[in-house]
Amino acid sequence: MRKIYLVPALVGLLTSVAAGPLAAQGAVPKQKAAPAPRAAGATPAAAGTPVAAGATSAAAETAAPDDKSKAIDTKAIDGFRSAKFGMNEADVRAAIAKDFGAKPDTVRAQDNASELTHSLLYSAPELLPNGGTAELSYVFGYKSKSLIQIGAVWSKGTDATITPEKLFSNANILRAHFLSEGFKPDSIAVNMPVNGGIVMFRGSDAKDHSVILLLQGTFENKDNNQRVLTPTSLLLFYVADAKSPDIFKLPPGQF
């Protein structure tokens, strides 16, 4: 069974893009890309330098300074569908049943021996319309025993029929959706290259609850120093506190 090691990776992921929303340069998914807008204030790329499809900055998505209604109307992230941060396991099981009509024996439990967290796993067909089967994971904190994270993964491991093109399509659909949702402008980052993939979207609400959309895959160097990503998986996370997750850590001074 696949082990769930999601929370710690998100801490580093947030750190890697915390410097601000910048346009990704030098990496593109393996698809035809339309010309991308340049990040406000960024140094212009040399002619012919590839960028990720639709690469942009928070500045490009931020409401105009005089548009006060949009600036104040910030997206609130409290979980995923009926599953809300802070719920106990029984309540989350009931939420999964409500959202997906899941029978009790289709929801699997899993423990993480290093983080001392507990998870519920459920395979959800067509979580996105025509998007293939995704595996959902609901992670409960080490101390709180309550819901701290929800994840969704699309890959060959969750659906044998999934293709790189389908993963890229799913990523584009979700990125466009999140960009229209009104997250804190200074928290938004899109198309940020990281080790093994591209952060297609990252955004937080006023309580620093976060959404992270990560397209993973393998990079190849093509002509004109173009780095092309062939997607192998798409990961979506809803996180209550990515900077200080409720997982087991050795107390200082013990070793």
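**Salt bridges, local environments and strand pairing**

Glu-181 is partly exposed in this predicted model, its relative accessible area being 25%. Glu-181 is joined to Lys-75 by a salt bridge in which the closest N and O atoms lie 2.8 Å apart. Because Glu-181 belongs to the loop between α5 (164-179) and β8 (192-194), and Lys-75 to the loop between α3 (68-72) and β2 (79-80), the pair ties together parts of the chain that are 106 residues apart in sequence. Lys-75 likewise falls in the partly exposed class, as its relative accessibility is 28%, a value that lies between the limits of 20% and 50%.

The whole structure contains six salt bridges according to the search. Side chains of opposite charge can pair when their charged atoms come close. In addition to the pair described above, a salt bridge connects the side chains of Asp-78 and Lys-84, with an N to O distance of 3.4 Å. Asp-78 is partly exposed, with a relative accessibility of 42%, and Lys-84 is also partly exposed, at 29%.

A further salt bridge is formed between Arg-108 and Glu-135, whose closest N and O atoms are separated by 2.6 Å. This pair links distant parts of the chain, since Arg-108 is located in strand β4 (residues 108-112) and Glu-135 in strand β6 (residues 134-140), 27 residues apart. The environments of the two partners were also assigned: Arg-108 counts as partly exposed at 26% relative accessibility, whereas Glu-135 is buried, with a relative accessible area of 10%. The latter assignment follows because 10% is under the 20% limit for a buried residue.

The surroundings of Gly-79 were examined next. Gly-79 is part of strand β2 and is buried, its relative accessible area amounting to 10%. When residues up to four places away in sequence are disregarded, Gly-79 touches Lys-84, Phe-85, Ile-150 and Tyr-238. One of these contacts, Lys-84, is the residue that forms the salt bridge with Asp-78. The C-alpha atom of Gly-79 is 7.8 Å from that of Ala-240, although the two residues are 161 positions apart along the chain.

Strand pairing was then considered for β9, β10 and β11. Strand β9 (residues 197-204) runs antiparallel to strand β10 (residues 210-221), and seven bridges join the two. Within this pairing, Val-199 has Leu-214 of β10 as its bridge partner. The hairpin of β9 and β10 has five residues between the strands, and Asp-208 adopts a positive phi near 65° there. Strand β10 is in turn paired with strand β11 (residues 227-239), in the antiparallel sense and over twelve bridges. In this second pairing, the bridge partner of Gln-216 is Ser-233 in β11. Five residues also lie between β10 and β11, which form a hairpin, and Asn-224 in the turn shows a positive phi of about 60°. Tyr-238, which is among the contacts of Gly-79, falls within the residue range 227-239 of β11.

Model confidence was assessed for the protein chain as a whole. The average pLDDT is 80, and 71% of the residues score at least 70. The pLDDT is below 50 over residues 15-28, a stretch that has 45 contacts in the model beyond near neighbours in sequence. Residues 31-72 also have a pLDDT below 50, and this stretch has 53 contacts beyond near neighbours in sequence.

Conventions: Residues numbered from 1 in each chain as written. Heavy atoms only, no water. Pairing = 2+ DSSP bridges. Helix = DSSP H or I, 4+ residues; strand = E, 2+ residues; numbered from the N terminus. pLDDT = per-residue confidence, 0-100. Contact = heavy atoms within 4.5 Å. Salt bridge = Lys/Arg side-chain N within 4 Å of Asp/Glu carboxyl O. Buried < 20%, exposed > 50% of the residue type's maximum accessible area, 1.4 Å probe, protein only.
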